[in-house]
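Welcome! Take a moment to look over the sequence and the 3D picture before reading on.

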Amino acid sequence: MEMDNDTVNAALKKAISQRRSTRAYTDQMVPDELIEEVLEAGRHAPSANNLQTTRFYVITNPEKLALLRDTMNDVLQDTTEKEGMSPGLLSLIKRAMQGGVDVTYGAPVLIVTTNRKGSANAIADCSCALQNMMLTASANGLGNCWINQFHSFRETPQLKSVFAELGLSKDEEICGSLILGYAENPVIKPIPITGNRVTYIR
Ligand SMILES: Cc1cc2nc3c(=O)[nH]c(=O)nc-3n(C[C@H](O)[C@H](O)[C@H](O)COP(=O)(O)O)c2cc1C
């Protein structure tokens, strides 16, 4: 279906303004076609020098999801609190110590993006893909949230070993990841944007 520019712009604006991070999911699985739709949006993202070296690992196997969740929990338990750590990370460490934390919030789909190790634009390329995927997920009624811990703790032996088991090679670097699923509470109000300052130089 061809859409005129006004319709495309209105749909895009709506997708951007209504996207929110979801942190509680139902057990309902996401249909394959919808996962593919989200992935295609990610694959169509721009990349520096058009290298297209982002890779997408789509994990839906419940045992592998549990393995990642449990390994991440162990990694957090082994992390010593340090001055300068973000409040978010300190809270995750505390929760891991006090009975366990699931950084994937029980979502049924986890997409981990990787890129070539040492590539200057690894994170930038993956971020473009992740944003395309988050917007497409939201526009299709799917809850989603960027998950950063698999990137932040990518050098820990525990995560390295699990990701090697999942097929990642030594030349790959884990960048951001994304969870998908159906939100427990689908309607989340937009947050006010008070930062992200703009300076015009005319
Ligand atoms: C680079 C990046 C890393 C993030 N990491 C996490 C994360 O590890 N866990 C999480 O729950 N949310 C994470 N988020 C989501 C942000 O917390 C969220 O986007 C922000 O609070 C604004 O809320 P909104 O997405 O609902 O608009 C991340 C977002 C970005 C862009």
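Here is a short tour of the ligand shell, the nonpolar core, a central topic helix and the strands. Please keep in mind that this is a predicted model.

**Around the ligand**

- Let's begin with the ligand, whose surrounding residues are Arg20, Ser21, Arg23, Cys145, Trp146, Ile147, Asn148, Gln149 and Ile191.
- Which strand gives the most to this shell? The answer is β3, spanning residues 143-147, with three residues.
- Sorted by class, the shell holds four nonpolar, three polar and two charged residues.

**The largest nonpolar core**

- In soluble globular proteins, nonpolar side chains tend to be buried together.
- In this model, the largest nonpolar core has 37 residues, and the ones touching the most other members are Val109, Met133, Leu178, Ile179 and Leu180.
- Helices and strands both take part: two or more residues come from each of α2 (32-43), α3 (62-77), α4 (87-97), β2 (109-116), α5 (122-139), β3, α7 (157-165) and β4 (172-181).
- The largest share comes from α5, which supplies seven residues.
- If you would like one residue to find on screen, try Leu180: leaving aside residues up to four places away in sequence, Leu180 touches Val30, Val38, Ala107, Val109, Ile111, Ala137, Leu142 and Asn144.

**Helix α5**

- With 18 residues, α5 reaches 26 Å from its first C-alpha to its last, close to the 26 Å expected at 1.5 Å a residue.
- Which residues of α5 are buried? They are Ala122, Asp125, Cys126, Ala129, Leu130, Met133, Met134, Thr136, Ala137 and Ser138.
- The cover over these buried residues includes α1 (5-18), α2, β2, β3 and β4.
- Met133 links two parts of this tour: it is buried in α5, and it is also among the core residues that touch the most other members.
- Just after α5 comes Gly141, which takes a positive phi of about 75°.

**Strand β2 and its partners**

- Is β2 mostly covered or mostly open? Mostly covered, with seven of its eight residues buried.
- One partner of β2 is β1 (residues 55-59): the two run antiparallel and are joined by five bridges. Within this pair, Arg55 stands opposite Thr114 of β2.
- Another partner is β4, which pairs with β2 in the antiparallel sense over seven bridges. Here you can look for Asn115, opposite Glu173 in β4.
- As you follow the strands, remember that in a regular strand the side chains alternate between the two faces of the sheet.

Note on methods: Residues are numbered from 1 along each chain as its sequence is written. This is a predicted model: local features need pLDDT of at least 70, side-chain atom pairs count only at pLDDT 80 or more; totals for chains, interfaces and linings use all residues. A residue is near a molecule or strand if its C-beta atom, placed from the backbone, lies within 6 Å of it. Helices (H or I, at least four residues) and strands (E, at least two) are DSSP runs, numbered from the N terminus. Ala, Val, Leu, Ile, Met, Phe, Trp, Tyr, Cys and Pro count as nonpolar, Asp, Glu, Lys and Arg as charged, and the others, Gly among them, as polar. A nonpolar core is a set of buried Ala, Val, Leu, Ile, Met, Phe, Trp, Tyr and Cys residues joined through C-beta atoms within 7 Å. A residue is buried if 20 or more other C-beta atoms lie within 10 Å of its own, exposed if 12 or fewer, and partly exposed in between; C-beta atoms are placed from the backbone. Two residues are in contact if their C-beta atoms, placed from the backbone, lie within 7 Å. The expected span of a helix is 1.5 Å times one less than its number of residues. Two strands pair if DSSP finds at least two bridges between them.
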